[in-house]
Each structure stands twice: as C-alpha cells, then as structure tokens.
Amino acid sequence: MGTLKGQNLRVLVHDGDNVFKVIAMATSCTITETNNTEDASTKDDVGLASKPTTTNKSWQVQVESLNVLDAADMLTAIKNQTPFLLAWDQTSTSNNQTAQQASFSRRGTAYISDLTLNFNDRENSAKSVQFTGSGSLAVGMVQSATVAAGSYTKGQFVRLFLGDDNTDTPSKVIAAAKTLSLHVSMTMEEATTKDTEGDWSIQEPTALNYDISTNALVSSGEVITSEVQANDLKSMQDLYEAGTPVKWQIANVSGDNNRTKGSVIASGSALLTQLTINAANRQTATYDAQLTGYGAYNVGS
Amino acid sequence: MSKTKDAVVEQQNEQKAAAGKTIADELLTKGQTILTAKTREELFAKFNEIKASVKDVPLMTGAVGRSRDDGTYSLQINIVKQ
C-alpha cells in the first residue's frame, strides 16, 4: 500500500440532502484533536514528573479553499452560529471526493469560529475557515455525493468601497489597492458543566468581531478612466484623524479600472484603527489600513 | 425583413423572461441559485433582473467566479437568512 496523499484526506459537510459533500476547491485541511489535561500529581508522588489526567476533549478543523462563491453564506453562518455536521475521511483516488469510510474517519457538530476571506490583486481569492467542535466525535461512516467543478475569483474583481462617514453610501474604492482581507472571529467559551456527560467540550459563542485590512500603493501613476472616485492616502489620513466610523461595502466589480460596483457581498460600519505607511529604499511606497468593525455586518446590500 | 427581425427579438425576449422566471422560482423554492453568464456585466444585469422580480425578498451574493474550463462567470445568490 502506498502513502495517502493530502488530496485524498478531506473534510466533508453534511448538506440538506442527507449526504456529505467535500468542501469544494480545498487546498488544505488540518484536524486538531486535543486531550485537555491538568496535573494530578500530589505530595504522594515521588520525583518531579507531572501526571496529567484528561479534563475534557476538544477538536477543531481548519480548511483553506479557493471557493469564495459562497462568501456571503459563510459570513452568515459565522454570524448566526449555524451548526455544521462535519466529517473527515479518506476519499477515493478516482475523483478525490467519494468518502471511503476509513477506520480513522470521524464526524461531529462544529461551528465556524474564524473566517478569513482574501481578495488580493491577480491572485486566486481564498477563504480560510476554522470550525470549533462542540460535543462528541463519532466514527465517520458517511455517505457522500460529489460537488461540481468550482470557479475561481481573481482578487482584483472584489473591492472595498468606503463612504465619507457613517451615513454616506460607500462609493469610493481604495485607489491602487493590492490586497483586501475580511476577517471575522467568533469568541467561543467553554460551556461544559457537571451536567455534561462524557469528556467532550461544549463550546458556546460569546462575541463576534471583524476587521478589514487593505494594502495599496501610495501612488501608482495609472490612467484612470472610470468615473468612480477613490480614496488615497490623504483621504485615509482624514478618516484616521476623524476617528469616527465609516460605512463600507465589499462588492464584486467590473468595468473601467475594475471600479464599477456589481453585487455587494457584505457591508457595515467600521473604524479606521491603524494606518501604516511603508517606505523602504528603492521600493514602491505603500500603506496598510486596518478597519475594525463597528456593530454587526450585513450580507448583501 | 424588419417584421422577421422584430419577431426574432420578441421571441428572444420571451425566452429570456421565461429563463429568468425559472431562476427566480428556483431561488424562492430552494433559497439558493447560481447564475451564469459570458461576461461580468451580463451576470450583474441578470442579477438585477432577479432582484427586481423577487422584489422584497432580501438577497445576498458571494464573489463572482470564473470557470477554468470555459471562462463562464458564476454568481451564487442566496435568500438572506434572518
């Protein structure tokens, strides 16, 4: 028997049709199962060595994928704390998708606790999803169905729009933007009590935070034919100094200079919390802007 | 000649309306649909038509994707879950 390659060990998600499907266009997955312990050594134990005993078991699944067609769906799932029934299993080499019900396969309920969407110029956009398990794992034994071939999203076609303040409809892109990242994090807290049977950790969501990061050239010299206006370092400096929230949208774009807003993926208000100007010798001057979410974001417009 | 051209355009418009209705029905039934088109602009135009036809139903979209195989653009639309 040869080695098992990473593309044939995959995370699957239960869908409404009572089968499991692989997370489409995945590039990697990491499953972490932890026996949380405390030292049970006492004065009766001779020597210096500790004696850990299990307090509870917890598990997390991290998946990276190039599919961002479901970006709004993922943003909704983390905000609403939608439970996912996940499994991991060996998949067939004929299509890399059919679950083989391997002996190490497991399944359980998890919630998205961390989500990052990256839309970087000329790169394939990607999402990184962390699921935190809540409750026990059972042996896999899942039936699977295949997913259709995916579509790729080049990062220059998804852009951040900002308003001038917290009432203005976001209409200005970030001029000469290079990168864009939306990161959402749900703080989870241990909710196991004496009433909880078994060793498995139960996790409850407590707080939702998000931030938006972007990097842009200070000046690009590109010819702009689009009528859509843009924020530059000067206007970002103004936003920083104003110190008040501003409306934002992340939207699909097309048209001249990739600035015409198509459909909006997510929107909300955010505070510009950090502006970093980078000026290394003989290199193009850039700046990084980080906005911290103010209140909940919305999906769609 | 002009009459034939008008008839063809009318037929194309009817087919387009019928296809749009089918997509809107799928969206309302399943809560999700995927639009496809040959260009981004066409895709957004289709989305705006769907949005107009389902009126007060709040919709959300993901990022536009492009097929590696044939260059078709896709957009996943979901009904917003409150």
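A residue counts as buried when its relative accessible area is under 20%. Keep that cut-off in mind while touring this predicted model.

**Stop 1: chain A as a whole**

Select chain A. Of its 301 residues, 43% count as buried. Switch to the C-alpha trace. Along the principal axes, the trace of chain A spans about 70 × 55 × 40 Å. Now turn on the cartoon. Chain A has two helices and 17 strands. Next, look at contacts in chain A between residues at least 6 apart in sequence: 69% of them join residues at least 24 apart.

**Stop 2: the interface**

Show chain B alongside chain A. Select the residues in contact. Chain A supplies 25 residues and chain B supplies 22 residues. How much area is buried between chain A and chain B? The value is about 1,800 Å², and carbon and sulfur atoms give 54% of it.

Look for charge pairs across the boundary of chain A and chain B. The rule finds zero salt bridges there. Polar contacts are another matter. Ten residue pairs, both members at pLDDT 80 or more, are in polar contact across the interface of chain A and chain B.

Which elements of chain A give two or more residues to the side that touches chain B? Select α1 (71-80), β9 (151-152), β15 (246-254) and β16 (260-278) of chain A. α1(A) gives the most, with five residues. Colour this side of chain A by class. Twelve residues are nonpolar, eleven are polar and two are charged.

**Stop 3: a strand pair between the chains**

Zoom to β9(A). Add strand β3 of chain B, residues 65-67. Two bridges join β9(A) to β3(B), and these strands run antiparallel. Pick Ser151(A). Its bridge partner in β3(B) is Ser67(B).

**Stop 4: helix α1(A)**

Go back to α1(A), residues 71-80. Is this helix mostly covered or mostly uncovered? α1(A) is mostly covered, with eight of its ten residues buried. Select the buried residues from the start of the list: Ala71(A), Ala72(A), Asp73(A) and Met74(A). Then add Leu75(A), Thr76(A), Ala77(A) and Ile78(A), which are buried too.

Step past the helix to finish. Gln81(A) follows α1(A). Check the backbone of Gln81(A): its phi is positive, near 50°.

Note on methods:
Residues are numbered from 1 along each chain as its sequence is written. Chains are lettered from A and ligands numbered from 1 in the order in which they are written. This is a predicted model: local features need pLDDT of at least 70, side-chain atom pairs count only at pLDDT 80 or more; totals for chains, interfaces and linings use all residues. Side-chain values use heavy atoms; hydrogens and water are left out. Contact means heavy atoms within 4.5 Å. Buried area is the accessible area (1.4 Å probe) that two parts lose on being put together, summed over both. A salt bridge is a side-chain nitrogen of Lys or Arg within 4 Å of a carboxyl oxygen of Asp or Glu. A polar contact is a pair of N or O atoms within 3.5 Å; within protein, one must be able to donate a hydrogen and the other to accept it, and residues adjacent in sequence count only if both atoms are side-chain atoms. Helices (H or I, at least four residues) and strands (E, at least two) are DSSP runs, numbered from the N terminus. Ala, Val, Leu, Ile, Met, Phe, Trp, Tyr, Cys and Pro count as nonpolar, Asp, Glu, Lys and Arg as charged, and the others, Gly among them, as polar. Two strands pair if DSSP finds at least two bridges between them. Buried means under 20% relative accessible area, exposed over 50%, partly exposed in between (1.4 Å probe, protein chains only).
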